[in-house]
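The following exercises concern the packing of helices, domains and chains. Each task is followed by a solution in steps.

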Amino acid sequence: MSRLVLRHVRAFDPGAGLDLEDTTVVVEDDLLVDLAASRDTTGERVIEGQGRLLIPGLVDLRAHLGEPGFTRRESVATGVRAAAAGGFTTVLAMPTTQPTVDRPEVVELIQARARQAGPTRVLVAGALSVGRQGERLAEMGKLKAAGCVAFTDADRAVKDSQLLRYALETAGDLGLPVITHAEDESLSLGGVMHEGIMSNRLGVAGAPGAAEVVGVARDLALAELTGCRLHIGHVSTAAAVELIRQAKRRGIRVTAEVAPLHLLLTDEELSGYDPHAKVFPPLRPAPDVDAMIMALADGTVDCVASDHTPQTELEKKVELDQAAPGAIALETTLAVILGLVRDKRLTLHRAVAVLTRAPSQALGRKDLGRLRLGGPADVCLVDLERSWCFERAEVLSRSHNSPLLGRTFTGRAVLTVAQGQITHESL
Amino acid sequence: MPGTGRLTSDRHLLGIEPLTREEILRILGRARELRSQDGAVERSLAGRSVVTLFYEASTRTRASFELAAQKLGASIVSLASSSSSVSKGESVWDTGRTLAAMEPTVIVCRHKSAGAPHLLASAVESVSDTKVINAGDGAHEHPTQALLDALTLLDRLDTLEGRTIAIIGDIAHSRVARSNLFLLKKLGATVLLGGPRSLVPDQLTTMGGVIVRDVDTIIEVADAVMMLRVQFERLVGPPPFPSLSDYTRTYGLTVDRANRMKPAAFVMHPGPMNRGIEIDPEVADGPTSVVAHQVRNGIAARMAVLERATGMGPWAGRRAQ
């Protein structure tokens with residue numbers, strides 16, 4: 001039995017109404033066995049918390065880990081190192097692999113790599129359709145049996161509405177959610193960035209925000225029709241948020257996420273044709289960014305997902321219209337959200353919830369993303385005052401594509417513990 | 001970071017947008033001087049080298065740049081994507097660094113992707129002091145076209161201050177339109193933009209243009225009418241208008257429309273023309289057309305721009321602005 005003691009911490013799990021100042025938390029093996037232990041408790045390792053915030057380990061619903069198939073960009077091992085440095089103890093791996101996750105063998109391969117990589121929990125999202133081609137359903141029953149926790153075609157919208165209906169129903173019967181990328185791809189065809197003032201000035205082909213809005217409207221209608229759980233991935237426009245707000249009011253079972261970059265940057269980032277600012281969905285103008293922050297604050301958007309998308313330099317060091325979209329994000333997500341707290345756009349309460357409890361709930365996982373006596377020892381110690389720079393040399397992901405490189409942040413995870421083991425430490 | 005970092009030199013010519021009004025006037029003034037010297041031009045680029053790197057087909061722009069460089073005494077290396085390493089899959093970044101290592105004075109670049117000259121300039125700056133001139137990048141800018149157009153306009157109108165210039169056609173996909181819009185606004189003109197919503201999006205008003213959907217209205221008030229072709233090669237998805245003849249009916253510069261222009265108004269076209277679509281052949285070749293004059297002015301404008309890039313002529317010992 002191993003015993004880890006976290007002394008002088010502020011144990012904070014707002015969703016559970018837990019806020020214990022200056023307490024001592026004890027981990028035995030992979031469980032939280034005490035949240036208010038006596039100060040002189042001992043163990044193999046005693047960590048002095050100095051009153052810093054101890055929150056549930058962060059849960060990410062959208063990471064592209066590149067394995068199998070794209071290990072030049074990322075591997076499960078490098079991906080979970082980046083995740084741990086960012087305070088994450090659980091990541092949901094997208095089926096953007098080669099081959100895709102449409103058969104149990106691929107699930108098992110990712111799980112095996114994850115076990116070798118350490119205690120960070122790598123959950124696997126199965127493909128919704130065979131080959132993510134949007135033509136026929138993947139074998140969801142077998143994929144669930146192998147361990148998949150959700151179904152999605154990741155960055156591809158499901159074009160055929162009937163197929164999406166069947167996917168929602170099949171996944172619903174299995175008790176699992178469908179995650180969609182909501183987009184009408186005929187509207188966004190050829191688009192390189194958000195269609196608007198910037199794209200017109202730069203002479204770059206744009207994809208209108210309406211492409212997302214149409215996609216969200218369709219997906220919501222199918223969630224209502226089927227009554228099955230829908231999670232809408234990386235929402236980025238004000239109008240789409242408004243549809244989600246109405247749908248929730250009507251009682252439709254939908255959750256939604258936003259990526260950190262859509263809470264921070266606008267399409268102005270592309271003024272110098274920086275391929276690193278090319279992400280998917282594209283960066284939007286300020287009113288959309290503002291609406292996303294407000295929707296996250298008021299709960300219309302349930303949670304934040306990193307949308308960690310590694311791309312090699314070869315895929316980025318090219319003309320903007322040729323560059324692959326996406327940015328690495330696991331190491332900066334928490335810092336971006338804490339920035340919103342510093343700017344008083346988000347309460348600390350909400351900031352913690354959107355990275356822990358809310359994403360777990362979207363997956364229907366009651367065990368993760370919370371501090372619970374007798375629950376899993378997945379925790380993250382946060383220094384709200386720590387100033388740090390996101391330096392290229394210190395990036396743990398295998399890829400370095402981020403518009404945030406060189407940026408200074410305040411607040412970061414200084415200790416991450418997954419399944420009772422320390423996965424990151426920068427005390 | 002490629003294509004991201006600020007460029008250190010201000011002597012590249014990547015677009016009209018970053019230029020000041022004074023710098024534009026200096027280029028135009030120098031172009032006029034060079035044009036008037038004709039055969040007796042000082043060979044200010046003697047011993048210098050100019051590379052023309054064209055990733056996209058071009059007739060007039062390439063010929064115009066090469067003639068301009070020749071007149072100034074430069075040696076010219078002419079590269080096309082089909083006959084160079086580009087066809088072997090070399091990236092713009094690598095091509096830029098490779099060429100820059102040979103230290104040509106100027107690289108003139110035409111590319112189908114907006115922003116490519118910016119990327120090329122970043123690559124070049126990491127190696128040498130070579131300057132990049134944008135000869136057209138995607139639907140972004142075509143600065144020398146706007147300069148030669150301004151030269152042509154000023155030959156007839158003396159000033160652009162208070163004048164009304166119309167640009168009609170596929171503005172969304174036109175680098176010529178963007179560069180002209182920036183330049184004409186800087187020189188004080190009112191710019192009317194005409195064409196269908198699918199090719200002339202409302203957002204263009206934020207760049208200073210005034211959108212007037214009814215072409216007949218524009219025709220009657222403009223001092224000069226610049227017609228643009230529909231860039232079919234950049235269209236994706238279904239056609240954005242019902243048919244070519246339907247387009248001509250609503251937006252084309254027909255003989256009938258041309259007859260309703262102001263008496264002194266004239267017609268411009270950057271080429272290539274799609275006769276019978278955006279412009280009737282009779283108008284293109286008629287007395288109000290200054291198309292040939294535009295082409296002639298192209299050489300003088302490009303000579304001035306080459307001098308600017310190399311720090312010669314009025315730019316000797318002066319910082320570009």
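**Exercise 1: A helix pair**

In this predicted model, α4(A) and α7(A) cross in a right-handed sense. Determine which residues make the contact between α4(A) and α7(A), and classify the crossing angle of the two helices.

Solution. Step one: α4(A) contributes A:S161, A:L164, A:R165, A:L168, A:E169 and A:G172, while α7(A) contributes A:R218, A:L222, A:A223, A:L225 and A:T226. Step two: sorted by class, this contact of α4(A) with α7(A) comprises five nonpolar, three polar and three charged residues. Step three: the axes of α4 (residues 161-173) and α7 (residues 209-226) of chain A come within 10 Å and cross at roughly 45 degrees. The crossing angle therefore makes α4(A) oblique to α7(A).

**Exercise 2: Two domains of chain B**

Describe the side of domain 1 of chain B that touches domain 2 of chain B.

Solution. Step one: the domain assignment places 21-141 + 298-315 of chain B in domain 1 and 143-295 in domain 2. Step two: the centres of these two domains of chain B, taken over C-alpha atoms, are 26 Å apart. Step three: 19 residues of domain 1 and 20 residues of domain 2 take part in the contact. Step four: on the domain 1 side, α1 (21-37), β4 (131-137) and α11 (291-310) of chain B each provide at least two residues. Step five: that side has nine nonpolar, five polar and five charged residues.

**Exercise 3: The chain contact**

Which helix of chain A gives the most to the side that touches chain B?

Solution. Step one: the contact joins 21 residues of chain A to 26 residues of chain B. Step two: helix α6 (residues 197-202) of chain A gives the most to the chain A side, with four residues. Step three: by class, the chain A side has eight nonpolar, eight polar and five charged residues.

Notes: Residues numbered from 1 in each chain as written. Chains lettered and ligands numbered in written order. Predicted model: local features only at pLDDT ≥ 70, side-chain atom pairs only at ≥ 80, totals over all residues. Domains from an automatic or database assignment. Contact = placed C-beta atoms within 7 Å. Nonpolar A, V, L, I, M, F, W, Y, C, P; charged D, E, K, R; others polar. Axes fitted to C-alpha atoms, helices over the stretch in contact; angles between N-to-C directions. Parallel < 35°, antiparallel > 145°, perpendicular 65-115°, else oblique. Left-handed = near helix turned anticlockwise from the far one by under 90°.
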